[in-house]
Amino acid sequence: MGNTFILKLVLTPALIGAASLAGRKWGHAVSGWMVALPLTSGPVVFFIALSHGAAFGLVTSLGILSGGISLAVFSLSYAWLAVFQKWPLTLFVSTALFLASTFVLKSIVIPLWPLFFLIVLSFALTLRLMPRHVAGTALPVSIPHWDLPARVIITTIFVLLLTELAPFTGARLAGLLSTLPIMTATLTAFAHHQQGHVSAAEVLRGLVMGLFSFAGFYLVLSLLLPVGIAIAFIAAILIAFVLQGISLWVIQNRKPAQNTPLPPSL
């Protein structure tokens with residue numbers, strides 16, 4: 001568990017910082033796409049499998065895959081609520097819906113292949129049902145000096161808290177809670193506050209596009225963990241990179257939505 005703690009402490013700030021900078025350079029959709037990679041939950045399953053065995057890791061992996069439904073719920077609810085509400089209420093309600101979905105999923109165990117197709121369908125429907133925005137002219141936004149450090153600190157604190165609580169929750173709930181969209185929520189809320197609801201929706205759209213690689217990663221991992229931990233993770237990582245590359249190509253070749261930023265709402 002000490003190795004996991006150190007990994008979270010190093011990896012989380014690096015990922016949220018890289019995603020934030022990528023969003024400034026290449027657009028909000030790319031920042032959402034980056035945090036869809038299983039760079040947080042993947043290492044958690046790896047160390048759990050090493051510490052408690054492949055069977056325990058398999059239950060955690062299936063829990064994380066099930067948590068994709070809660071991520072879809074969060075993304076769709078935030079994208080629509082942001083059209084009408086400022087970021088604090090939007091974030092609160094969307095997180096509450098995520099936790100409600102997680103509570104329901106804790107007691108529902110679905111076999112791997114039906115679960116995988118259900119997850120993929122939920123991501124596709126989320127993309128389809130997200131609000132469509134009319135393109136406009138994006139005005140320059142003055143970003144305060146504390147913006148990036150605040151994102152890193154907020155996200156790291158929550159991830160570390162989740163890491164410390166995970167051993168007490170059991171394998172399945174630990175997996176479900178590993179999908180808690182802490183980094184996504186941080187990026188989305190900052191985009192919402194600084195540039196309005198269209199920018200927030202772009203983060204979420206990029207996230208959901210990237211989540212297809214998340215689904216592929218945990219499908220392969222769940223299939224191969226009984227064979228061996230090393231081969232399972234190597235194969236899952238390769239599949240995730242292939243699917244993530246395809247989703248990035250799609251993001252880069254679609255016309256990005258733009259909007260006139262709203263005034264600050266903090």
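**Close-up views of an all-helix predicted model**

The count of salt bridges comes to one, where a salt bridge is a side-chain nitrogen of Lys or Arg within 4 Å of a carboxyl oxygen of Asp or Glu. This is a predicted model: local features need pLDDT of at least 70, side-chain atom pairs count only at pLDDT 80 or more, and totals for chains, interfaces and linings use all residues. Residues are numbered from 1 along each chain as its sequence is written, and side-chain values use heavy atoms, with hydrogens and water left out.

**View 1. The whole protein chain.** The protein chain has eleven helices and zero strands. Both are DSSP runs numbered from the N terminus: helices are H or I, at least four residues, and strands are E, at least two. Of the 266 residues, 52% are buried. Buried means under 20% relative accessible area, exposed over 50%, and partly exposed in between (1.4 Å probe, protein chains only). Take the contacts (heavy atoms within 4.5 Å) between residues at least 6 apart in sequence: 82% of them join residues at least 24 apart.

**View 2. The salt bridge in α10.** The side chains of E202 and R205 meet at 3.7 Å, N to O. Both residues lie in helix α10, three residues apart, about one turn of the helix. E202 counts as buried because its relative accessibility is 5%. R205, at 8%, counts as buried too.

**View 3. The largest nonpolar core.** A nonpolar core is a set of buried Ala, Val, Leu, Ile, Met, Phe, Trp, Tyr and Cys residues joined through side-chain atoms within 4.5 Å. This one holds 43 residues, and Y78, F123, Y218 and L221 touch the most other members. Helices that each supply at least two residues include α4 (54-84), α6 (112-129) and α10 (197-224). The largest share, 13 residues, comes from α10.

**View 4. Around F123.** Which residues does F123 contact, leaving aside neighbours within four places in sequence? They are G68, A72, V208, L211, F212, F214 and A215.

**View 5. A nonpolar surface patch.** I239, V242, L243, I246, W249 and V250 form this patch, with about 540 Å² of accessible area together. Such areas come from the Shrake-Rupley method with a 1.4 Å probe; for residues, only the protein chains shown count as cover. Patch residues have over 30% relative accessible area and no salt bridge, and nonpolar side chains (Val, Leu, Ile, Met, Phe, Trp, Tyr) are joined within 5 Å. V250 sits in helix α11. At 31% relative accessibility, V250 counts as partly exposed.

Notes
Patches are made of residues with over 30% relative accessible area and no salt bridge: like charges are joined within 9 Å, nonpolar side chains (Val, Leu, Ile, Met, Phe, Trp, Tyr) within 5 Å.
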